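Subject: Structure for your review, with findings

Dear colleague,

Please find below the structure I am handing over to you. My findings follow it, arranged by topic.

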Amino acid sequence: MRKRPLCIVCIGLMIVIWICRIGGIPVFGEPVLMQEEKTRLEEGQQVAVVGMVTDRSISSETIRYTLRHVYVTICDRQIPFSGIFVSTEYQGAASAAEPGDLLRARGELRALEQAGNPGQFDAAAYYACQKIRYRLWSEKEPETENKQSIRKLLFRIRENLTGTYTACMREASAGILSAMLMGDKGFLTDESRRNFQAGGCLHLLVISGLHVTLLGMGLLQILLRLRIPQTPACITAAAGMIFYAALTGFPAAAVRACIMFIVLVLARAARWSYDSACSLALAAILMLLADPGYLFHAGFQLSFAAAGAASLVSPLLSRCVPAWPCGEKKAGRLRDVLNMMRENMILWASVQLCTLPLTAYYFFEIPVWSLPLNLLLVPCVQYVLGAGVAGSLAALFVPQAGKWLLLPADLGLDLFDRILGMARIIPGSSLVCGRPALWQILVYYGALLFLLRRMQIRNKRTPVERAACTGDRRMICRSAAVLAAACVILFARKQPVFRLAMMDVGQGDCFLIQTGKKVFLSDGGSTNVQQVGRYRILPFLESSGISFVDLVCISHNDADHMNGIEEILRMIAERQTALRIG
């Protein structure tokens with residue numbers, strides 16, 4: 001760590017941001033409101049907002065704009081906001097504003113909804129990390145001032161490409177490719193999303209280090225084969241990845257991967273040594289200085305945990321697991337394949353070890369088949385992405401050629417979806433583990449750091465010293481025991497002697513009764529919350545570590561007492577959840 005001062009600076013910056021969060025120090029972009037203005041907002045006073053559109057999402061009836069650099073007029077005072085959501089009725093694509101346009105609207109400004117139940121999606125906390133805390137519903141169509149900008153050009157390119165995918169590919173495949181290449185999950189079907197999540201392959205649908213590395217290194221190799229000198233080729237590849245990150249809207253994982261890729265190719269161009277840990281720390285520092293709220297963003301945490309596993313943990317494990325020995329020349333190709341499989345297994349085992357607590361905390365489930373499915377699918381991703389990129393570029397100029405070039409991506413993604421769908425319906429494919437407490441996560445990571453330190457000490461010995469060390473095997477056994485104990489602590493859930501919980505389901509009823517290991521539900525429905533079973537009742541049960549409900553009682557058949565239960569029963573029948581009802 002002494003040789004990596006950037007890592008120390010990064011850890012210190014994270015601690016400072018955490019202290020600021022606990023102490024309520026305003027460094028997270030909160031708007032400064034006086035008491036009178038807060039009261040007016042709570043009373044539902046109409047306000048005027050003006051800001052620049054940075055993104056939009058369209059449903060069948062409504063359109064939601066993301067506004068940045070916003071000014072809100074409350075009590076005749078213009079107050080700057082980092083960002084807000086503005087929603088209105090969808091009047092058609094011709095009247096919709098595009099990113100880069102200036103938008104003016106009037107309506108009631110409301111704070112984003114906080115989670116009313118444990119496990120429920122907390123919109124207020126999630127979007128606060130992106131400096132968005134309020135939403136506005138506009139009864140009238142907002143006024144739009146057309147502005148020409150690079151942001152609008154990039155948006156139109158992305159819209160054209162996603163439109164090409166939907167026109168040339170199957171619906172499910174088009175949605176998956178849009179998510180993988182453009183970061184647009186609007187076309188992703190619910191079935192595909194559940195398949196990838198249950199298979200532990202949800203990272204394939206996020207613009208992450210895997211995508212940026214494959215695309216960036218592919219572009220660099222093409223430039224070098226065209227006999228372009230190394231320095232211009234590296235600079236061009238770095239510029240290309242910056243353009244790609246801008247095209248996808250700068251998601252957290254893509255920004256991190258883009259920064260690391262730029263450091264890699266610039267170091268290569270300057271003929272400097274490259275250290276992935278320092279590069280990772282530099283990416284974290286730059287992102288946290290730009291927006292401290294990233295530290296509490298799920299995508300940021302999962303992305304850096306996975307990248308840290310690949311940079312730090314995987315090399316240590318690789319030195320502990322012996323490679324296949326060199327043999328005859330005829331066995332050379334087989335040996336290379338086996339060693340490649342060994343490296344992939346070590347890499348994904350490292351990623352699983354480092355992201356396990358975060359996966360449990362945010363999703364409450366552990367995909368059982370994650371490792372074998374990733375080993376099967378990830379090596380094929382480069383070919384699917386290659387076909388998708390080639391088809392996308394061709395479709396911009398010759399649509400018919402783009403359709404034929406997208407065919408391999410269509411077939412490959414359809415196969416991915418089918419494999420993950422078959423794995424999902426296997427009984428026990430997901431284990432409901434509940435949400436671990438903070439102390440359990442800290443104990444797990446403490447044990448993991450201890451083991452990594454022991455492996456580091458072991459790897460410093462020479463092969464002769466390892467052969468002479470009689471306690472080497474003992475150390476490995478002890479390390480495995482410590483890791484197993486850490487997992488037991490992470491997933492341990494104390495069963496209450498008696499628990500009675502009334503869930504927040506809006507206009508309706510839902511009671512949970514626990515007596516030891518017995519779990520009972522009394523009613524479960526709502527008339528003003530859509531999909532109350534999926535988004536309120538089920539997350540509450542799974543976050544509590546409940547995978548089996550012994551008995552469900554329905555008092556009467558009104559919708560606000562039973563429609564959520566009906567929804568959960570349909571999800572169980574369609575293998576959309578690991579929950580079971582006796």
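Is G183 buried, partly exposed or exposed? The model is a predicted one, and in it G183 has a relative accessible area of 31%, which makes this glycine partly exposed. G183 sits in the loop that runs between helix 5 (171-182) and helix 6. Its C-alpha atom is 6.0 Å from that of I207, although the two residues are 24 apart along the chain.

Salt bridges

Side chains of opposite charge can pair when their charged atoms come close. Searching the whole structure gives 16 salt bridges. Three of them are described here in turn.

One of these joins K152 and D101, with 2.5 Å from N to O. K152 belongs to helix 4 (residues 150-168), whereas D101 is in the loop between strand 3 (77-89) and strand 4 (102-111), so this contact ties together parts that lie 51 residues apart in sequence. Are these two partners buried or exposed? With a relative accessible area of 2%, K152 is buried. D101 is buried too, at 5%; the cut-off for this class is under 20%.

A second salt bridge is formed by the side chains of E145 and R104, at 3.3 Å from N to O. This pair links distant parts of the chain, since E145 is in strand 6 (residues 143-145) and R104 in strand 4, 41 residues apart. E145 is partly exposed, its relative accessible area being 29%. R104 also counts as partly exposed, with 37% relative accessibility.

The third is the salt bridge between R424 and E191, where the N to O distance is 3.3 Å. Which parts of the chain does this pair tie together? R424 is in helix 15 (residues 407-424) and E191 in helix 6 (residues 190-198), so the connected parts are 233 residues apart in sequence. R424 is buried, having a relative accessible area of 8%, while E191 counts as partly exposed at 37%. Beyond single pairs, E98, D101, K152 and R156 are joined into one network by salt bridges that share partners.

Internal cavity

Rolling a probe the size of a water molecule over the atoms shows where empty space is left. How many cavities of 30 Å³ or more does the structure hold? There is 1 cavity of that volume, and the space in the largest cavity comes to about 80 Å³. Its lining consists of 14 residues, and the closest of them to the cavity centre are I63, Y65, S95, A96 and E141. Strand 2 (62-74) and strand 3 are the elements that each give two or more residues to this lining. By residue class, the lining of the largest cavity is made up of 7 nonpolar, 5 polar and 2 charged residues.

Nonpolar surface patch

On the surface, W18, I22, L438 and L442 make a nonpolar patch of about 460 Å². Helix 1 (5-23) and helix 16 (438-459) are the elements that give two or more residues to the patch. Of the patch residues, I22 may serve as an example: it lies in helix 1 and counts as exposed, with 65% relative accessibility.

Backbone angles

Most residues other than glycine have a negative phi, and most peptide bonds are trans. Two residues deserve mention in this respect.

R227 is not a glycine, yet its phi is positive, at about 65°. R227 is placed in the loop between helix 7 (209-225) and helix 8 (230-247). With a relative accessibility of 77%, R227 counts as exposed.

F250 likewise has a positive phi, of about 55°, although it is not a glycine. Where is F250 found? The loop between helix 8 and helix 9 (252-270) contains F250. Its relative accessible area is 45%, and F250 is therefore partly exposed, as the exposed class requires over 50%.

Yours sincerely,

A colleague

Technical notes: Residues are numbered from 1 along each chain as its sequence is written. This is a predicted model: local features need pLDDT of at least 70, side-chain atom pairs count only at pLDDT 80 or more; totals for chains, interfaces and linings use all residues. Side-chain values use heavy atoms; hydrogens and water are left out. A salt bridge is a side-chain nitrogen of Lys or Arg within 4 Å of a carboxyl oxygen of Asp or Glu. Helices (H or I, at least four residues) and strands (E, at least two) are DSSP runs, numbered from the N terminus. Buried means under 20% relative accessible area, exposed over 50%, partly exposed in between (1.4 Å probe, protein chains only). On a 1 Å grid over the protein atoms alone, a cavity is a set of points where a 1.4 Å probe fits but cannot get out, and a pocket is an open set with protein on both sides within 12 Å along at least five of seven lines; lining residues have an atom within 4 Å of a point. Grid points are joined across faces, edges and corners, and a volume is the space filled by probe spheres set on the points. Ala, Val, Leu, Ile, Met, Phe, Trp, Tyr, Cys and Pro count as nonpolar, Asp, Glu, Lys and Arg as charged, and the others, Gly among them, as polar. Patches are made of residues with over 30% relative accessible area and no salt bridge: like charges are joined within 9 Å, nonpolar side chains (Val, Leu, Ile, Met, Phe, Trp, Tyr) within 5 Å. Accessible areas come from the Shrake-Rupley method with a 1.4 Å probe; for residues, only the protein chains shown count as cover.
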